[in-house]
Amino acid sequence: MSEINEKVKGRLIEQFPGVEVSETEFGQVEVKAPKEIIADLARFVREELDFDYLTMVAGVDYIEYLQLVYHIRSLKDYAELIIKVDVDSENAVVASVAPIWTGANWHEREAMDMFGIQFEGHPDPRPILLPEDWQGGHPLRKDFIDKRPKRERQFRTR
């Protein structure tokens, strides 16, 4: 596994000078990249490094900024790559990777609903978890205040 990781790290540093590339304690290659290159980086790891299976796109709210975390696997090499991209909380816009990995479609839609991150070029930007007319903010942001009326819990007696 280490030989594959060294090859992947070398190719990433060569192709994208300036990105932070490291290895996690669990043997995954981790890349910290600016949001401006996510589409090019995703295309490169898919086409050139055979990372063909996107398993997850998750959003994280660090209060000062948001972060997208992409987990991608190479089924050929049994390797895992993590890409982390910081996104401004106020202007949360990043390129979609759904045209590269179709499995990103629902993950990105969830990040749109829960964190308010917009994905340029997304094929279907409709809400997936919240109602179409939702005006209450983004529930997984730390500054979210639930303004819905409180309901009293109902208990059944046996």
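Which residue in strand 5 does Glu30 stand opposite? I looked this up and found Ile82. I note at the start that the model is predicted.

**Entry 1: the sheet**

I traced the strands next. Five of them, 5 strands in the program's count, make an open sheet with mixed pairing, and their order is 1-2-5-4-3. Strand 1 and strand 3 (53-61) are the edge strands, each paired on one side only. I also looked up the twist: neighbouring strands of this sheet are turned by 20° against each other on average, direction ignored.

**Entry 2: the two sides of strand 5**

I took strand 2 (residues 29-33) and strand 5 (residues 79-88) as a pair; they run parallel and are joined by 5 bridges. Besides Glu30 opposite Ile82, I noted Val29, whose bridge partner in strand 5 is Leu81.

On the strand 4 side, I found 10 bridges to strand 5, and here the two strands run antiparallel. Tyr70 stands opposite Ile83 of strand 5. The hairpin of strand 4 and strand 5 has 4 residues between the strands, and in it I found Tyr78 with a positive phi near 55°.

Is strand 5 largely enclosed or not? I found that 7 of its 10 residues are buried, so strand 5 is largely enclosed by the rest of the structure.

**Entry 3: Glu80**

I stayed in strand 5 and looked up Glu80, which has its place there. Glu80 has a relative accessible area of 12%, so it is buried, the cut-off being under 20%. Its side chain makes a polar contact with the side chain of Gln28, at 3.2 Å. Not counting residues up to four places away in sequence, I listed what Glu80 touches: Gln28, Val29, Phe51, His71, Ile72 and Arg73.

**Entry 4: helices on the sheet**

I checked which strands helix 1 lies across and found strand 1, strand 2 and strand 5; helix 1 runs at about 175° to strand 1. Helix 3 (residues 104-115) also packs on the sheet, where I found it touching strand 3 and strand 4 (65-74). The direction of helix 3 makes about 5° with that of strand 3.

**Entry 5: the core**

I looked up the largest nonpolar core and found 40 residues in it. Among those with the most contacts inside this core are Leu12, Val31, Leu68, Tyr70 and Ile83. The elements that give two or more residues to the core are helix 1, strand 2, helix 2, strand 3, strand 4, strand 5 and helix 3. For Ile83 I listed the contacts, leaving out residues up to four places away in sequence: Val31, Ile38, Leu41, Leu68, Val69, Tyr70 and Ile72.

**Entry 6: aromatic pairs**

How many aromatic pairs does the structure hold? I found 2. One of them is Phe16 with Phe44, an edge-to-face pair at 5.5 Å centre to centre, with 80° between the planes. Phe16 lies in the loop between helix 1 (2-15) and strand 1 (20-23), and Phe44 in helix 2 (residues 38-47), so the pair ties together parts that are 28 residues apart in sequence. I found both Phe16 and Phe44 buried.

**Entry 7: His122**

Last, I went to the segment after strand 7 (118-120), where His122 is found. Is His122 buried or exposed? At 9% relative accessibility, I count His122 as buried. The His122 side chain reaches the backbone nitrogen of Asp124 at 2.9 Å. Leaving aside neighbours within four places in sequence, I listed its contacts as Ser96, Ala98, Asn105, Glu108, Arg109 and Met112.

Definitions and conventions:
Residues are numbered from 1 along each chain as its sequence is written. This is a predicted model: local features need pLDDT of at least 70, side-chain atom pairs count only at pLDDT 80 or more; totals for chains, interfaces and linings use all residues. Side-chain values use heavy atoms; hydrogens and water are left out. Rings of Phe, Tyr and Trp (its six-membered ring) pair if their centres lie within 6.5 Å; planes under 30 degrees apart count as stacked, over 60 as edge-to-face and the rest as tilted. Buried means under 20% relative accessible area, exposed over 50%, partly exposed in between (1.4 Å probe, protein chains only). Two strands pair if DSSP finds at least two bridges between them. Axes are lines fitted to C-alpha atoms, for helices over the stretch in contact, and angles run from 0 to 180 degrees between N-to-C directions. Contact means heavy atoms within 4.5 Å. A polar contact is a pair of N or O atoms within 3.5 Å; within protein, one must be able to donate a hydrogen and the other to accept it, and residues adjacent in sequence count only if both atoms are side-chain atoms. A nonpolar core is a set of buried Ala, Val, Leu, Ile, Met, Phe, Trp, Tyr and Cys residues joined through side-chain atoms within 4.5 Å.
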